[in-house]
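Thank you all for making time this morning. I would like to walk you through one structure, beginning with a pair of charged residues and ending with the nonpolar interior, so please have a look at it before I go on.

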Amino acid sequence: MLHNPARFFQRLGALILDIICVYLPLALFSHYLIGIDLLHIDFIFVLYIFLAPVLWYGYNVGKRLSGIRIIKKNGADVTLFTMFMRTFLAQYVYILTIGIGLLISILMVLIRKDCRSLHDFIAGTYVTNDKPEKV
């Protein structure tokens, strides 16, 4: 059994914080002051979601503020490959299933004791409340 998993509302709260603290300021600054279109801003945000956990012990801003982080199932830090699987491959599955995969993921986090979603299974990760050992 995986230790100290982050629950659904912790994960949702972290996503909302990322939107408020990172996406909205990025969108407002980039679109209105520099003139970058929203499609490019979305791409930058996805890169942030992809890279931040690799560079910051499984955290991004929203997860850090929520006290949760992404780690590999074996407890190791996530890698670029892990985050590629979690971010891009899993999103491709969600698109292919016309959102049904996303609904299944939400149910998985709500129902499963380890709170792992479909993208966690694809990447071999889970979201935990445990702090990193080497900060």
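I will begin with R11 and D120, both of which are buried, and I should say at once that this is a predicted model. The side chains of these two residues meet in a salt bridge, with 3.0 Å from N to O. That pair links distant parts of the chain, since R11 sits in helix 1, residues 8–34, while D120 belongs to helix 6, residues 118–123, and the two are 109 residues apart.

D120 has a further partner, namely R86, and here the closest N and O atoms are 2.9 Å apart. R86 lies in helix 4, residues 80–96, and D120 in helix 6, so this pair ties together parts that are 34 residues apart in sequence. R86 counts as buried because its relative accessibility is 8%, and for D120 the value is 0%. Through shared partners, then, salt bridges join R11, R86 and D120 into one network.

In the whole structure there are four salt bridges, and one of them is between R69 and D77, whose closest N and O atoms are 3.6 Å apart. In this pair R69 counts as buried, at 5% relative accessibility, whereas D77 is partly exposed, at 26%.

Let me turn to the nonpolar side. The largest nonpolar core has eight residues, including A14, F50, I68 and M83. Apart from that core lies another, of seven residues, with V22, I41, F45 and Y48 among them.

Technical notes. Residues numbered from 1 in each chain as written. Predicted model: local features only at pLDDT ≥ 70, side-chain atom pairs only at ≥ 80, totals over all residues. Heavy atoms only, no water. Core = buried A, V, L, I, M, F, W, Y, C linked by side-chain atoms within 4.5 Å. Buried < 20%, exposed > 50% of the residue type's maximum accessible area, 1.4 Å probe, protein only. Helix = DSSP H or I, 4+ residues; strand = E, 2+ residues; numbered from the N terminus.
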